[in-house]
Amino acid sequence: MIRFVLNVLWLVFGGGLVLAVGYGIAALICFVLVITIPFGVASLRLAVYSLWPFGRTLVPKPGAGVGSGLANILWVALAGWWLALSHILAGIALCVTIIGIPFGIANFKLVPAAFWPLGRDVVDVP
């Protein structure tokens, strides 16, 4: 029950909806440019994860290989570093207030996903 409440508060006050829309727009752009479709899939995964982060975590995909590693290097060079930095800065800003600490932690959880998204899966925590 607490995860549900935190997710609803995150969606409204923590920036979850804005993050999801931003990642969704990035995914649409990646889908239009056909060669970047894998990045679009990763952006959609990040959009869903940023909508509902409490009670979920990232795990490595068992079938991810060298291709996803090379694509992640390209991702980091083009978008991953500034996305991760924005999540770090937002997390620090949210942790300044006591009530914002859970939302800051959620932003810190999104840092690895934003920095290295390919070859990972979002799963529910039991």
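Which residues lie nearest the centre of the largest pocket? Before I answer, please keep in mind that this is a predicted model, in which local features need pLDDT of at least 70, side-chain atom pairs count only at pLDDT 80 or more, and totals for chains, interfaces and linings use all residues. Residues are numbered from 1 along each chain as its sequence is written, and side-chain values use heavy atoms, with hydrogens and water left out.

On a 1 Å grid over the protein atoms alone, a pocket is an open set of points with protein on both sides within 12 Å along at least five of seven lines, a cavity is a set where a 1.4 Å probe fits but cannot get out, and lining residues have an atom within 4 Å of a point.

The residues nearest the centre of the largest pocket are Ala26, Ser43, Trp75, Ala79 and Trp82, out of 18 that line it, and the pocket holds about 360 Å³ of space, a volume being the space filled by probe spheres set on grid points joined across faces, edges and corners. Helix H4 (66–95) gives the largest share of that lining, with eight residues.

Turning to enclosed space, a search of the whole structure finds one cavity of 30 Å³ or more, and the volume of the largest cavity is about 40 Å³. Its lining includes Ala42, Tyr49, Pro117 and Arg120, and the largest share, four residues, comes from H3.

Finally, the structure holds zero disulfides, meaning pairs of cysteine sulfur atoms within 2.5 Å.

How values were computed
Helices (H or I, at least four residues) and strands (E, at least two) are DSSP runs, numbered from the N terminus.
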